[in-house]
There are 2 protein chains.
Amino acid sequence: MHLPDPPAVILVNPQLGENIGTCARAMLNFGLTEMRIVDPRDGWPNEAAIGPASGATSVLENAKIFDTVEDATADLSFVLATTARSRDLAKPVLSPAFATAKCRELAKQGAQSGIMFGRERSGLTNDEVSRADAIVTYPVNPEFSSLNIAQAVLVFGYEWFAGAQELPSGGMPESAGELAKKEDLVMLFEHLESELIASGFLNPPAKREGMIRNLRTMFTRSELRVNEVQTFRGIIKSLVRLGALREKGEIDEV
Amino acid sequence: MHLPDPPAVILVNPQLGENIGTCARAMLNFGLTEMRIVDPRDGWPNEAAIGPASGATSVLENAKIFDTVEDATADLSFVLATTARSRDLAKPVLSPAFATAKCRELAKQGAQSGIMFGRERSGLTNDEVSRADAIVTYPVNPEFSSLNIAQAVLVFGYEWFAGAQELPSGGMPESAGELAKKEDLVMLFEHLESELIASGFLNPPAKREGMIRNLRTMFTRSELRVNEVQTFRGIIKSLVRLGALREKGEIDEV
């Protein structure tokens, strides 16, 4: 069986080195080789990770460290967020099985995915979740639902590896074009948001953060292609120019 | 969702109390409540199991202790053996998914199943495996294949619990709000397109039809909610107004 390149496992602000180690082990058991760590509390490298990795040291040695979630996801095309609590975010919710099917499908098109796992106690923040394309929730006993990070990584890895039957899961045809990278989306967002702030649309400022999050959620959901991001940026410029032209009386309205 | 009575998890001659504890936790996460322990090396009860169980103490308290595998499986109708090595035994080999499906099917008929997990280092003996009706093997990375007991229990439990459910497959949460009607989308499209025509963005006219189709495809894909359609229309107006304000010199750019 040949598996496509695996999704990156992104540990956001993990506290204990032991947990990073057990995650590395769980990853390698199921062929997940790329670990990314955002702002590990105890720094990096961390001796405490080595024993619990039980020999999965290649994963630890190749781990990449980032300051922010934005940096850690910049070159990815599809990002998942694991969360236990339900969130009031308009994002698709996937089971581990469907999420990994999606990752496999994208990987075959050459688009890399990643999955974020949050802090041991508090998980991911709303802001972090809002950066993801979709949420992964695990079916667990509602009366005893706390999975630790390594358990969550293990189940995701198991589904990645074991999902032998490739069922169509609503993916986009290849002809749709290359999926935009997160850094291009961030540039689009920043362009749109700065113009909307200038125009007064994102007032009052106290509500701005929530409004921006909703906007980003809406755009993220549509899995924009590279060319579509360009189109959107063109639309923004064009609408602003239209206002100027009208003001100058240079538009004949039809 | 109502799950039938779960299969018994049978730990055969486990060495470390810690592992019994992490197994209890993994079991309860996925609704496996019946632990059976055959000849635990350090006796029973074992204090060392309590911390790692992370609150799954009910599983530990209800655990039943047996001297032999024969005793531990006497009242069961269907017994599985987990094994990493291949064995020269004429027994069916099942994936965790098929094994749990079989257990569910039998449970609905009132027949209880059980699954045996072997010693930390050496697994189950050939004699123990030969007592089982079927073998369960886990799909794992052949280059890093050692699952610990709790990981093996976790994956089995996950399949037991998840296989019984209809799993989320990318639908939007209800809290996302009401899906916009097509007529509202058409009004949004017409608004945007008339402004883009006025601005010259949709030139040359010969290409206009294709460009409009692509735009509509992009928006349609994101399953916009009623409030999001309103937001987009506000954005269009706001960007055009921004152009006018700039032209009049009424914007202090930041």
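Biologist: Hello! At 47% relative accessibility, what does A:R41 count as?

Modeller: Hello! Keep in mind that this is a predicted model, so what follows is computed from it. Buried requires under 20% relative accessible area and exposed requires over 50%. A:R41 has 47%, so this arginine counts as partly exposed.

Biologist: Which side chain meets that of A:R41 in a salt bridge?

Modeller: The partner counts as partly exposed as well, with a relative accessibility of 43%. The two side chains meet at 2.9 Å, N to O, and the partner of A:R41 is A:D42.

Biologist: How many salt bridges does the structure hold over all chains?

Modeller: The pair of A:R41 and A:D42 is one salt bridge. Over all chains, the number held by the structure is 24.

Biologist: A:R246 forms a salt bridge too; which residue is the partner?

Modeller: The closest N and O atoms of this salt bridge are 2.6 Å apart, and A:R246 reaches B:E195. A:R246 lies in helix α9 (residues 226-247) of chain A and B:E195 in helix α7 (residues 182-199) of chain B, so the pair joins two chains. A:R246 is partly exposed at 29% relative accessibility. At 12%, the partner counts as buried: B:E195.

Biologist: How far apart are the closest N and O atoms of B:E34 and B:R36?

Modeller: Both B:E34 and B:R36 are buried. They form a salt bridge, and the closest N and O atoms are apart by 2.8 Å.

Biologist: In chain A, which residues are joined with A:E34 into one network of salt bridges?

Modeller: We have just seen B:E34 paired with B:R36 in a salt bridge. In chain A, salt bridges that share partners join A:E34 into one network with A:R36, A:K64 and A:D75.

Biologist: Which residues is A:L192 in contact with, leaving aside its neighbours within four places in sequence?

Modeller: A:L192 sits in helix α7 of chain A. Its relative accessible area is 5%, so it is buried. Apart from those sequence neighbours, A:L192 is in contact with A:L215, A:F219, A:I236, B:I235 and B:L239.

Biologist: Where is A:N13, and what is its phi near?

Modeller: A:N13 belongs to the loop between β1 (8-12) and α1 (17-29) of chain A. It counts as buried because its relative accessibility is 18%. Phi has a positive value in this residue other than glycine, near 55°.

Biologist: And what is phi of A:D39 near?

Modeller: This aspartate is in the loop between β2 and α2 of chain A. With a relative accessible area of 42%, A:D39 is partly exposed. Phi of A:D39 is again a positive value in a residue other than glycine, near 45°.

Biologist: What is omega near for the cis peptide bond from A:N203 to A:P204?

Modeller: A:P204 lies in the loop between α7 (182-199) and α8 (205-221) of chain A. There is also a cis peptide bond from A:W44 to A:P45, with omega near 0°. For the bond from A:N203 to A:P204, omega is near -5°.

Biologist: One more: which residues gather in a patch of negative charge on the surface?

Modeller: One of them, B:E247, is found in helix α9 (residues 226-247) of chain B. It counts as partly exposed because its relative accessibility is 37%. The residues of the patch are A:E247, A:E250, B:E247 and B:E250.

Conventions: Residues are numbered from 1 along each chain as its sequence is written. Chains are lettered from A and ligands numbered from 1 in the order in which they are written. This is a predicted model: local features need pLDDT of at least 70, side-chain atom pairs count only at pLDDT 80 or more; totals for chains, interfaces and linings use all residues. Side-chain values use heavy atoms; hydrogens and water are left out. Patches are made of residues with over 30% relative accessible area and no salt bridge: like charges are joined within 9 Å, nonpolar side chains (Val, Leu, Ile, Met, Phe, Trp, Tyr) within 5 Å. Accessible areas come from the Shrake-Rupley method with a 1.4 Å probe; for residues, only the protein chains shown count as cover. A salt bridge is a side-chain nitrogen of Lys or Arg within 4 Å of a carboxyl oxygen of Asp or Glu. Lys and Arg count as positive and Asp and Glu as negative; His and the chain ends are not counted. The place of a charge is taken as NZ of Lys, CZ of Arg, CG of Asp or CD of Glu. Helices (H or I, at least four residues) and strands (E, at least two) are DSSP runs, numbered from the N terminus. Buried means under 20% relative accessible area, exposed over 50%, partly exposed in between (1.4 Å probe, protein chains only). Contact means heavy atoms within 4.5 Å.
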